[in-house]
Amino acid sequence: MIVVRRSIAVGFFGLLLFGLATPAWAEDAQDGQAGDAFVVLSGPADVPRGRLVGDLVVFHGSSTVDGTVNGSLTAFDAPVTISGRVLGDVVVFNGRVELASGANVTGDVVSQNDPIVASGATIGGTTRRVQTDVNWGAFGWVSALAWWLAVSISTLLIGLVLLWLVGPGATRIVDAGRTRIGPSIGWGLLAFFGLPILAIIALVTIVGIPLGLGVLAALALIYTLGYTATAWIVGRRILRPSTPWAVAFLLGWGILRGLALIPVVGSLIWFAAVVFGLGALAVTIWRARSTSPAAPAPA
């Protein structure tokens, strides 16, 4: 770990020197003056036989060392072939490392893959592997858990606010989900797929662009409302009517969020809950408008 950190520091320090140096300094480095760092951003970083350079850093390209590197050799994305001497460590983050017969590395050899060491090549330190690929799979369960927590908190808060605002009228949602199952599913499918299609059609026309953008922005909230409506229906159907509404909702919400932890099944449950909840809300709104007393005609 210390070798890797030191190599990274050498690499970026070398890059800084490369950016501040004059073209004449770069030409001297190519001539291999003793003690000069040799930094290559892209291309071959070769040290011919009989040449001596200081720390050798290559960011992208290749490196062939037939001469002597009086320091460390650090390659970020380059194959390295050594037949001369490296009086320090060799660190290669991405690329093949090959030590030909007669090569001599006085320090450690750290690379992504095991180096190819020919008979007669010597390594004074140890040979180790460095892990350069990020194992995203190890973070999969963390991101999935974070997403589950975010959705859980959002649906919990939105559901509680929805039921609090609806008040006694929340029982109508349960009645729609109990007595109008078919229409709830049908209207829910229509809303689930129809709203995005409507938004896309609206975006095609200049006049409908604000409507399309508004619908697309509201889809997450609309789907969440449908999900929480199903949670409310499930909880109220399990518990007695005398149970407080918050307890009934929490029960249904807990069941849905628990099922959401099951791979594949959780996604199907989410889809079904959103569709059924949207349909139940649509039927409830339609019933409320149909049964409301007609407004008196103006005199």
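Guide: Let's open with a term: two strands pair if DSSP finds at least two bridges between them. Strands (E, at least two residues) and helices (H or I, at least four residues) are DSSP runs, numbered from the N terminus. E5 and strand E8 (residues 90-92) have three bridges in the parallel sense, so they qualify as a pair. In that pairing, Leu 73 stands opposite Val 90 in E8.

Visitor: What kind of model am I looking at?

Guide: This is a predicted model, where local features need pLDDT of at least 70, side-chain atom pairs count only at pLDDT 80 or more, and totals for chains, interfaces and linings use all residues. Residues are numbered from 1 along each chain as its sequence is written, and side-chain values use heavy atoms, with hydrogens and water left out.

Visitor: How many helices and strands does the chain have?

Guide: There are eight helices and 14 strands. The chain has 299 residues, and 37% of them are buried (under 20% relative accessible area, with exposed meaning over 50% and partly exposed in between; 1.4 Å probe, protein chains only). Its accessible surface comes to about 16700 Å² (Shrake-Rupley method). Carbon and sulfur atoms hold 69% of that surface.

Visitor: Which strands does E3 pair with, and how do you know that they pair?

Guide: Count the bridges. Strand E1 (residues 38-44) is joined to strand E3 (residues 56-65) by six bridges, in parallel. E3 also has four bridges to strand E5 (residues 73-77) and three to strand E6 (residues 80-82), again parallel. Set against the rule of at least two, these counts make E1, E5 and E6 partners of E3.

Visitor: Which residues face each other there?

Guide: Val 40 is opposite Val 58 in E3, and Val 58 in turn stands opposite Ala 75 in E5. Leu 56 has Leu 73 as its bridge partner in E5, while Val 65 is matched with Ile 82 in E6.

Visitor: Why is E5 called largely enclosed by the rest of the structure?

Guide: Of the five residues of E5, four are buried, so the strand is largely enclosed.

Visitor: And Ser 63 in strand E3: why is it called buried or exposed?

Guide: Its relative accessibility is 1%, and that is under the cut-off for buried, so Ser 63 counts as buried. Look at what surrounds this residue, where contact means heavy atoms within 4.5 Å. Setting aside neighbours within four places in sequence, Ser 63 is in contact with residues including Ala 45, Asp 46, Leu 56, Val 58 and Leu 73.

Visitor: What makes the strands E2, E4, E7, E10 and E13 a sheet, and which are its edges?

Guide: They pair in parallel in the order E2-E4-E7-E10-E13, as an open sheet of five strands. Strand E2 (52-53) and strand E13 (122-123) are the edge strands, since each pairs on one side only. Inside the order, strand E7 (residues 85-86) and strand E10 (residues 104-105) share two bridges, parallel again, and two is enough for a pair. Val 86 has Val 105 as its bridge partner in E10.

Visitor: Where is Gly 124, and what does it touch?

Guide: Gly 124 is in the loop between E13 and strand E14 (127-129). At 57% relative accessibility it is over the exposed cut-off, so Gly 124 counts as exposed. Not counting residues up to four places away, Gly 124 touches Val 105, Thr 106 and Gly 107. From Val 105 it is 19 residues apart in sequence, yet 6.0 Å apart in space, C-alpha to C-alpha.

Visitor: Why is helix H4 called roughly perpendicular to H6?

Guide: The axes of H4 (residues 170-179) and H6 (residues 209-238) come within 9 Å and cross at roughly 85°. Roughly perpendicular covers 65 to 115 degrees (under 35 is roughly parallel, over 145 roughly antiparallel, the rest oblique), so H4 and H6 fit the name. The H4 side of the contact is Ala 170, Ile 173, Val 174, Gly 177 and Arg 178, and the H6 side is Ala 229, Trp 232, Ile 233, Arg 236 and Arg 237. These divide into six nonpolar, one polar and three charged.

Visitor: What stands out about Val 264?

Guide: Its phi is near 65°, a positive value in a residue other than glycine. Val 264 sits in the loop between helix H7 (245-259) and helix H8 (265-291), and its relative accessible area of 61% makes it exposed.

Key: Axes are lines fitted to C-alpha atoms, for helices over the stretch in contact, and angles run from 0 to 180 degrees between N-to-C directions. Ala, Val, Leu, Ile, Met, Phe, Trp, Tyr, Cys and Pro count as nonpolar, Asp, Glu, Lys and Arg as charged, and the others, Gly among them, as polar. Accessible areas come from the Shrake-Rupley method with a 1.4 Å probe; for residues, only the protein chains shown count as cover.
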